Amino acid sequence: MALVEDTGFDAGTLAESWRQQPGAPCYCTDLTREELPAARATAEAARLPKRRDLSVAAIQERMSDSKANPDSEYGVRLTRALFR
């Protein structure tokens, strides 16, 4: 639990844990511990599935090109653009 608390991923109750799911403003966006609470607070449950599906489609499209191999920076840039 100390690791979770030290890194800022303590989302509170289980009922609020959806705020860190794929498509949420803090999911795979490489935020600092200080930035996480504000990002979690702006999450909108109804928007998460569409955002998640957009990011998966973009990554799949990029990976289908044998000359392009998306790295972690691509993933962070993509999720920041879609989720924030």
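1. At 41% relative accessibility, Glu-44 counts as partly exposed, and in this predicted model the residue is joined by a salt bridge to Arg-47, with 3.5 Å between the closest N and O atoms. Arg-47 is itself partly exposed, its relative accessible area being 40%, so both ends of this pair fall in the class between 20% and 50%.

2. The pair Glu-44 and Arg-47 belongs to a set of 3 salt bridges that a search of the whole structure turns up. Another of them brings together the side chains of Glu-16 and Arg-19, at 2.5 Å from N to O, and here Glu-16 is partly exposed, with 31% relative accessible area.

3. A further salt bridge links the side chains of Arg-52 and Asp-53, for which the N to O distance is 3.0 Å. Arg-52 is partly exposed at 34% relative accessibility, and Asp-53 likewise counts as partly exposed, at 42%.

4. Turning to the empty space, the largest pocket has a volume of about 160 Å³. Its lining is made up of 13 residues, and those that lie nearest the centre are Tyr-27, Cys-28, Ile-59, Gly-75 and Thr-79. The elements that contribute two or more residues to this lining are helix H3, spanning 48–63, and helix H4, spanning 72–83.

5. Of the contributors to the lining of the largest pocket, H4 gives the most, with 5 residues. By residue class, the lining of that pocket divides into 7 nonpolar, 5 polar and 1 charged.

How values were computed:
Residues numbered from 1 in each chain as written. Predicted model: local features only at pLDDT ≥ 70, side-chain atom pairs only at ≥ 80, totals over all residues. Heavy atoms only, no water. Salt bridge = Lys/Arg side-chain N within 4 Å of Asp/Glu carboxyl O. Buried < 20%, exposed > 50% of the residue type's maximum accessible area, 1.4 Å probe, protein only. 1 Å grid on protein atoms, 1.4 Å probe; cavity = no way out; pocket = protein on both sides within 12 Å on 5 of 7 lines; lining within 4 Å. Points joined across faces, edges and corners; volume = space filled by probe spheres on them. Helix = DSSP H or I, 4+ residues; strand = E, 2+ residues; numbered from the N terminus. Nonpolar A, V, L, I, M, F, W, Y, C, P; charged D, E, K, R; others polar.
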